[in-house]
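Here are my notes on the charges and cysteines, in the order I went through them. Have the viewer open as you read.

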Amino acid sequence: MAEVILRVEDVPREARLGENARIRVWAKPQGSSSGQGLNLDVSRISAIHYFRGNYYVVYTTDKVDFYRPYVVEQIPPLAIQLKFVAKEETIYYCGFCGCEMIWDADELFCPQCRAGVEWDAPPKVEKARIFRIETAIEEEVAQLAEKLLGVKVVKVANVHRRSMGGGDVPKFPFHEIRIGLLSGVVDGVAEVTDPVFAETWWDDNMVYQHQEHGRFIAVRLDFRDSYGTYATYLLEFEGEPKWDIVQQLEEEEKKRREELKRLEEERWRQWLAEQEKKRKKLEKWTPEKVVEKAIANLPDWADGAVVYTVVSRTEVDADVIRYLLPVKKSKYNGDYYTSPDWAEIKGIPRQALDKLADTVILRNGKAYKAKISKSNGKYVNIKLAEEVKLE
Ligand SMILES: [Zn+2]
């Protein structure tokens, strides 16, 4: 038997344990890009740590060779140790629908039927062994502060929350860092004395000031939810904070942000260059050239072409698309007609047709404004109006 440290990508927050008391974790062998499931015996796990997206599981095994691809030499120094339990619990299934019931305060209810326990349909009761990670957010934050600063955290004195609706904004600067915890991302840490928070709410113009008295480590945690919630934890502590690790992390974060900014600027430049290229390409398509190309590409049976506009509306906006369609001269009235069902004439970019919107081009090279009547059945009737000067 040997004790190894396994680096794994995912450990379930909660799992029902079967006969063999194993949980399924997900791990990538070193040097491989695809992961694999591993079944770990919970009774052989002595500790689970978490750092930047990876779990470090301290595991006792007699199959060291099997686990070797997942073994690392050490746990990262800033990793958070997670509490976990594996214990027998009673599980209740709804007497109506069979769903697993959940506790709301001290009452059981069914998430499906939204009913509680009824005398005429008592729940089915079952015992099961459950594995669960039970680390509270406050514990994660306190552990991180201790590891970052070499202090002893006495307690979490207060938590100031902020989200889209409002809440408390800390009025002091943070060292900007970035370390992901299980419950969110720590993006700031500071040492503060008598810190002030400004409280604002979206439906209220007043700003309320709160001041806390004492000396604290402040840790800002971004919960990365859709409400933009973050919280500032004020920690009472003993000892003298050392800032060298924080300074390294600040440096790292600064580089990360510069790199993000650089990538964004590069993407913007590429977009502009593409637009310019498209514009240059379109510039070559003068109305004269469009007419020339349209005549060259006319099918034999056609007498000309029309730039036909289709507007397709969605709920949010409208799309204007122009097609170059063949036209035929009517034997009955000398007007022209086309059909949206006919194949469009290819070879000219659609955007180049904008300058000749609703214009008829005839084989003799002349162009006329088109009076297009509404489609009646298969064909669209077109009358020629004034001549369009090409230049
Ligand atoms: Zn139910």
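**Notes on charges and cysteines**

1. Let's start with the surface. In this predicted model, K277, K281, K284, K289 and K293 form a positive surface patch. Two elements give two or more residues each to that patch: α3 (244–283) and α4 (287–296). K293 belongs to helix α4 and is partly exposed, at 33% relative accessibility.

2. Now for the charge pairs. Side chains of opposite charge can pair when their charged atoms come close. Searching the whole structure turns up 26 salt bridges. I'll go through a few of them below.

3. Have a look at R220 and E176, which form a salt bridge with their closest N and O atoms 3.5 Å apart. What does this pair tie together? R220 sits in strand β19 (residues 215–222) and E176 in strand β15 (residues 175–180), so the bridge links parts that are 44 residues apart in sequence. As for burial, R220 counts as buried at 15% relative accessibility, while E176 is partly exposed at 30%.

4. Next, helix α3. R256 and E253 make a salt bridge here, with 2.9 Å between the closest N and O atoms. They are 3 residues apart in the helix, so about one helical turn separates them. Is each partner buried or exposed? R256 comes out as partly exposed, at 33% relative accessibility, whereas E253 is buried, at 3%.

5. Helix α3 also holds K280 and E276, whose side chains meet in a salt bridge at 3.6 Å, N to O. Being 4 residues apart, K280 and E276 are again about one helical turn from each other. K280 is partly exposed, with a relative accessible area of 47%, and E276 is partly exposed too, at 33% relative accessibility.

6. Which residues are joined into one network by salt bridges that share partners? They are E176, D187, R220, E253, R256 and R257. So if you follow the shared partners, the R220–E176 pair and the R256–E253 pair turn up in one network.

7. Last, the cysteines. With a cut-off of 2.5 Å between cysteine sulfurs, the count is 0 disulfides. Take C99: the nearest cysteine sulfur is that of C97, 3.9 Å away, and C99 is in no disulfide. That distance is over the cut-off, so the pair does not count. C99 is partly exposed, at 24% relative accessibility. C110, on the other hand, is buried, with a relative accessible area of 0%.

Note on methods. Residues numbered from 1 in each chain as written. Predicted model: local features only at pLDDT ≥ 70, side-chain atom pairs only at ≥ 80, totals over all residues. Heavy atoms only, no water. Buried < 20%, exposed > 50% of the residue type's maximum accessible area, 1.4 Å probe, protein only. Patch = residues over 30% accessible without salt bridge, like charges linked within 9 Å, V, L, I, M, F, W, Y side chains within 5 Å. Areas by Shrake-Rupley, 256 points an atom, 1.4 Å probe, with all protein chains shown as cover. Salt bridge = Lys/Arg side-chain N within 4 Å of Asp/Glu carboxyl O. Lys, Arg positive; Asp, Glu negative; His and termini not counted. Charge placed at Lys NZ, Arg CZ, Asp CG, Glu CD.
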